[in-house]
Amino acid sequence: MYNNLLTFGDIIELDLSCDTSQLLNNILKYDWLKYNPRKDINRYGLSVTSLDGKLTGIDLDSISEYNKENNTSYNESSFRTFTEVYYNCKETRKLIEPFKPWLWRTHFLNFRKGGYFPPHRDMRRIDEQDSFRILVPIRGCNVPELYFMYEEKPLHFNMGYAYFVNTNKMHSIFSYSDKSCMLVMNVESNNESIKKVGDLIRWK
């Protein structure tokens with residue numbers, strides 16, 4: 001069914017949105033942690049799910065590097081316990097609710113000036129699709145504040161709306177602002193979750 005979904009496009013806007021002002025008023029009160037602190041890149045994260053429901057877990061680290069150093073075997077599905085960010089923010093819950101039964105590691109990202117992800121693919125094997133990405137740009141996620149490059153072309157988002165994004169294709173991010181913020185959901189890929197995406201497609 002994942003391949004069937006891709007017949008509608010690699011970037012699909014969904015009929016799922018939030019009040020970005022209310023959401024920002026809630027999440028900005030938290031202490032954001034360095035995203036992948038092993039690298040000196042200006043990115044910060046706020047966990048919506050984590051290993052134990054706390055905001056000090058390893059879910060914002062590089063999971064593969066953490067596993068190598070600590071002889072563990074965590075993956076995206078290991079981080080499914082909701083944190084207080086989920087429970088204390090109605091607008092966050094609104095975005096999560098349709099995908100709640102299949103939600104894996106989920107967090108907000110704040111790209112500050114100079115923050116980036118180099119060109120990469122999220123899935124690096126030809127195999128069954130185990131998860132997919134839902135992104136919700138909250139603030140400053142368009143040119144010129146932030147360049148979300150998808151196969152060498154910049155994407156343009158409607159702030160506050162959820163998007164299915166096929167992140168198996170090459171993409172990169174570079175921020176020219178301190179305020180760029182988005183929600184990143186990792187969702188288990190199965191017939192039910194993909195059907196939910198189909199049900200939420202924003203037909204134009």
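**Buried cysteines, a nonpolar core and a four-stranded sheet**

Cys-89 has a relative accessibility of 2% and therefore counts as buried. The model in which this value was computed is a predicted one. Cys-18, at 13% relative accessibility, counts as buried as well, since the limit for a buried residue is under 20%. Why, then, is Cys-18 not bonded to Cys-89, which holds the closest cysteine sulfur? The sulfur of Cys-18 lies 8.1 Å from that of Cys-89, which is too far for a bond, because a disulfide requires the two sulfur atoms to be within 2.5 Å. Cys-89 is likewise in no disulfide, its nearest cysteine sulfur being that of Cys-18, and the count of disulfides by this rule comes to zero.

From the cysteines we can turn to the nonpolar interior. In soluble globular proteins, nonpolar side chains tend to be buried together. Here the largest nonpolar core comprises 38 residues, and those with the most contacts inside it are Leu-14, Ile-27, Phe-99, Phe-108, Ile-134 and Met-185. Phe-99 shows how distant parts of the sequence meet: once its neighbours within four places are set aside, its contacts are Leu-14, Leu-16, Ile-134, Met-185, Val-187, Ser-193, Lys-196, Val-197 and Leu-200. A second core, separate from the largest one, has 17 residues, among them Leu-60, Phe-111, Tyr-163 and Val-184.

Two of the residues in contact with Phe-99, Val-197 and Leu-200, lead to helix 6, which spans residues 191-200 and whose buried residues are Ser-193, Ile-194, Val-197 and Leu-200. These buried residues lie on the same side of helix 6, because they cover an arc of only 120° around its axis. That spacing fits a general rule: an α-helix has 3.6 residues a turn, so residues three or four places apart point the same way. The cover over the buried residues of helix 6 includes helix 1 (2-6), strand 1 (11-17), strand 8 (131-139), strand 11 (161-165) and strand 13 (180-188). At the start of helix 6, a side-chain oxygen of Asn-190 comes to within 3.0 Å of the backbone nitrogen of Glu-192.

Strand 1 also carries a charged side chain, that of Glu-13, and this residue is buried, with a relative accessible area of 9%. Which side chains join Glu-13 through polar contacts? The side chain of Asn-158 does so at 3.1 Å, and that of Arg-202 at 2.5 Å. Beyond residues up to four places away in sequence, Glu-13 also touches, among others, Tyr-161, Tyr-163, Leu-200 and Lys-204.

Another buried polar residue is Asn-110, which has a relative accessibility of 9% and lies in strand 6 (residues 103-111). Its side chain reaches the backbone oxygen of Asp-178 at 3.1 Å, while the backbone oxygen of Ser-180 lies 3.0 Å from a polar atom of the Asn-110 side chain. Setting aside residues up to four places away, Asn-110 touches Trp-32, Asn-42, Arg-43 and Tyr-44, and also Asp-178, Lys-179, Ser-180 and Cys-181.

The sheet is the next stop. Strands of a sheet pair through backbone hydrogen bonds, either parallel or antiparallel. An open sheet of four strands has the order 7-12-9-10, and its pairing is antiparallel; strand 7 (116-120) and strand 10 (153-154) form its edges, each pairing on one side only. Strand 7 pairs with strand 12 over three bridges, and in that pairing Phe-117 has Ile-173 as its bridge partner. Strand 12 is joined to strand 9 by five bridges, with Tyr-147 standing opposite Phe-174 of strand 12, whereas two bridges join strand 9 (residues 146-150) to strand 10, where Met-149 stands opposite Pro-154. Strand 12 (residues 171-175) is mostly covered, four of its five residues being buried.

Beyond strand 7, in the loop that leads to strand 8, lies Arg-121, which counts as partly exposed at 39% relative accessibility. Although Arg-121 and Thr-167 are 46 residues apart in sequence, their C-alpha atoms are 6.1 Å apart in space. Apart from residues up to four places away, Arg-121 touches Thr-167, Asn-168, Lys-169, Met-170 and His-171, and a polar atom of its side chain lies 3.3 Å from the backbone oxygen of Asn-168.

Conventions
Residues are numbered from 1 along each chain as its sequence is written. This is a predicted model: local features need pLDDT of at least 70, side-chain atom pairs count only at pLDDT 80 or more; totals for chains, interfaces and linings use all residues. Side-chain values use heavy atoms; hydrogens and water are left out. A nonpolar core is a set of buried Ala, Val, Leu, Ile, Met, Phe, Trp, Tyr and Cys residues joined through side-chain atoms within 4.5 Å. Buried means under 20% relative accessible area, exposed over 50%, partly exposed in between (1.4 Å probe, protein chains only). Contact means heavy atoms within 4.5 Å. The arc is that of the directions from the helix axis to the C-beta atoms. A polar contact is a pair of N or O atoms within 3.5 Å; within protein, one must be able to donate a hydrogen and the other to accept it, and residues adjacent in sequence count only if both atoms are side-chain atoms. Two strands pair if DSSP finds at least two bridges between them.
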